[in-house]
Amino acid sequence: MLDFCIVGGGIVGLATAYTLMERFPGCELVVLEQDDSLCRHQTGHNSGVIHAGVYYAPGSLKAMLCKAGAEATKAFCAENGIPVITCGKLLVATNPLELERMQALFGRARQNGIDCRLMGADELREAEPNIIGLGAIHVSATGIVDYKQVGAALAARITQGGGQVMRNARVTRIEETPGAVVVHSATGTHTARQLIACAGAQADRIVEAAGLETDFQIVPFRGEYFRLPAERAGLINALIYPIPDPDLPFLGIHLTRMIDGGITVGPNAVLSLARQRYPKFAVDVADVARMLAFPGFWRVIANNFRSGLTEMKNSLMIRGYLEACRKYCPSLTVDDLLPQEAGIRAQAVMRDGTLVHDFLLKKTARCIHVCNAPSPAATSALPIGAMIADDVQAQRAAW
């Protein structure tokens with residue numbers, strides 16, 4: 001019998017498996033990934049930012065995990081020879097309302113223990129000649145990395161330690177008994193003492209495969225990006241973010257340096273009609289049917305109708321998307337916006353239409369389901385793994 005079965009080969013599942021192998025030396029463990037490659041979906045389409053933790057409520061789980069995760073990610077990358085650039089980040093205010101919001105955000109960042117400072121318009125212009133604004137928050141610790149490389153290194157450490165990582169292993173059914181968990185997958189049946197599901201966009205389906213009731217559902221949102229031409233590689237020195245609107249669930253369109261030397265512009269946030277298909281008009285009939293039958297989906301549409309229309313318009317009309325960028329980077333043109341594959345965010349939504357902004361776990365005697373792991377989950381993956389390992393120990397103590 002295995003000690004642990006991990007469902008999901010994204011960065012959270014791999015970090016959890018890696019942490020369990022460190023916490024329980026000599027344990028027998030298998031990671032089951034539905035696809036033929038690891039980190040293919042949210043991890044593989046991540047913007048690559050190592051976040052510092054500016055946005056999150058002081059004392060919240062997200063704030064603590066993000067700060068710890070930034071340090072742990074940089075340390076893991078140093079140990080494994082993975083390139084990291086600590087380029088810093090500027091949150092730019094472009095009008096008086098954003099200046100007011102900037103002050104509140106700066107206070108929150110300082111409460112979270114983030115090393116940051118305010119910049120005036122002149123200092124901003126000197127630091128970033130191609131960016132305009134009335135002021136900015138400079139966050140020095142923000143970095144960039146390729147999270148697929150981090151995932152590959154985690155998988156290598158797991159297999160080196162004696163664990164198994166199985167691809168093309170879609171889970172179809174989970175049976176929990178008083179003494180074990182039996183996991184049926186495309187690669188066979190696996191029996192383990194404990195199961196940890198980190199299934200991302202399929203989290204609700206895996207909960208249901210275990211015979212449990214769900215009061216949430218995953219609603220996918222496309223984050224559409226563009227990539228700037230190679231000759232624009234020196235456009236920015238730090239990452240450039242807008243001051244977020246606190247009434248909106250997403251951070252807004254930003255300019256992001258990538259570890260390969262390129263720069264991306266995005267993302268927006270548009271309802272997706274498929275959880276794990278990336279062409280612009282891709283449709284998964286089963287995913288759409290689940291959304292339409294879920295009351296929370298219709299409440300989300302009603303609660304965010306106006307902002308949703310704006311995002312949809314910007315998705316269909318590139319000039320609207322461009323204007324969102326030009327308010328702080330006026331030199332950008334339509335010709336600068338080159339195609340880049342979109343990402344899809346797995347957003348957990350409760351039956352009453354509430355968007356889940358924090359981590360959501362569902363536990364039984366032998367199973368832990370990570371139902372929502374929002375941004376900055378990639379940054380926070382290693383401390384998330386440690387938090388789950390604590391829960392695993394608590395489960396064992398209760399047997």
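Strand 17 (338-350) gives the largest share of the lining of the second largest pocket, with four residues. The model you are looking at is predicted, and this pocket is a good place to begin a tour of it. Its volume comes to about 360 Å³. In all, 21 residues line the second largest pocket, and those nearest its centre are Gly44, His45, Asn46, Met258 and Gln340. Strand 17 is joined by helix 5 and strand 12 (216-227), each of these elements supplying at least two residues of the lining. Sorted by class, the lining of this pocket holds nine polar, seven nonpolar and five charged residues.

Helix 5 is a handy thread to follow from here. Two packed helices are described by the angle between their axes and by the distance between those axes. Let us start with helix 1 (residues 11-23), which packs against helix 5 (residues 147-160) at an angle of about 35°, the axes being 9 Å apart. The crossing of helix 1 and helix 5 is left-handed. On the helix 1 side, the contact is formed by Ile11, Leu14, Ala15, Ala17, Tyr18, Met21 and Glu22, while helix 5 brings Tyr147, Val150, Gly151, Leu154, Ala155, Arg157 and Ile158. Of the residues in this contact, 11 are nonpolar, one is polar and two are charged.

Now turn to helix 2 (residues 61-79). Its axis and that of helix 5 come within 11 Å and cross at roughly 65°, so helix 2 and helix 5 are roughly perpendicular to each other. This crossing, too, is left-handed. Here Thr73, Phe76, Cys77 and Glu79 of helix 2 meet Tyr147, Val150, Ala153, Leu154 and Arg157 of helix 5. The contact between helix 2 and helix 5 is made up of six nonpolar, one polar and two charged residues.

Where do these helices lead us next? The structure holds one cavity of 30 Å³ or more, and about 50 Å³ of space lies in this largest cavity. Its lining consists of Ile11, Ala15, Thr73, Phe76, Tyr147, Val150, Leu154, Ala378, Ala381 and Leu382. Helix 1, helix 2, helix 5 and helix 11 (381-398) are the elements that each give two or more residues to that lining. Helix 5 provides the largest share, three residues. You have met several of these residues already: Ile11 and Ala15 belong to the contact of helix 1 with helix 5, and Thr73 and Phe76 to that of helix 2 with helix 5. By class, the lining of the largest cavity has nine nonpolar residues, one polar residue and no charged ones.

Methods:
Residues are numbered from 1 along each chain as its sequence is written. This is a predicted model: local features need pLDDT of at least 70, side-chain atom pairs count only at pLDDT 80 or more; totals for chains, interfaces and linings use all residues. Side-chain values use heavy atoms; hydrogens and water are left out. Axes are lines fitted to C-alpha atoms, for helices over the stretch in contact, and angles run from 0 to 180 degrees between N-to-C directions. A crossing is left-handed if the near helix is turned anticlockwise from the far one by less than a right angle, and right-handed if clockwise. Contact means heavy atoms within 4.5 Å. Ala, Val, Leu, Ile, Met, Phe, Trp, Tyr, Cys and Pro count as nonpolar, Asp, Glu, Lys and Arg as charged, and the others, Gly among them, as polar. Angles under 35 degrees count as roughly parallel, over 145 as roughly antiparallel, 65 to 115 as roughly perpendicular and the rest as oblique. On a 1 Å grid over the protein atoms alone, a cavity is a set of points where a 1.4 Å probe fits but cannot get out, and a pocket is an open set with protein on both sides within 12 Å along at least five of seven lines; lining residues have an atom within 4 Å of a point. Grid points are joined across faces, edges and corners, and a volume is the space filled by probe spheres set on the points.
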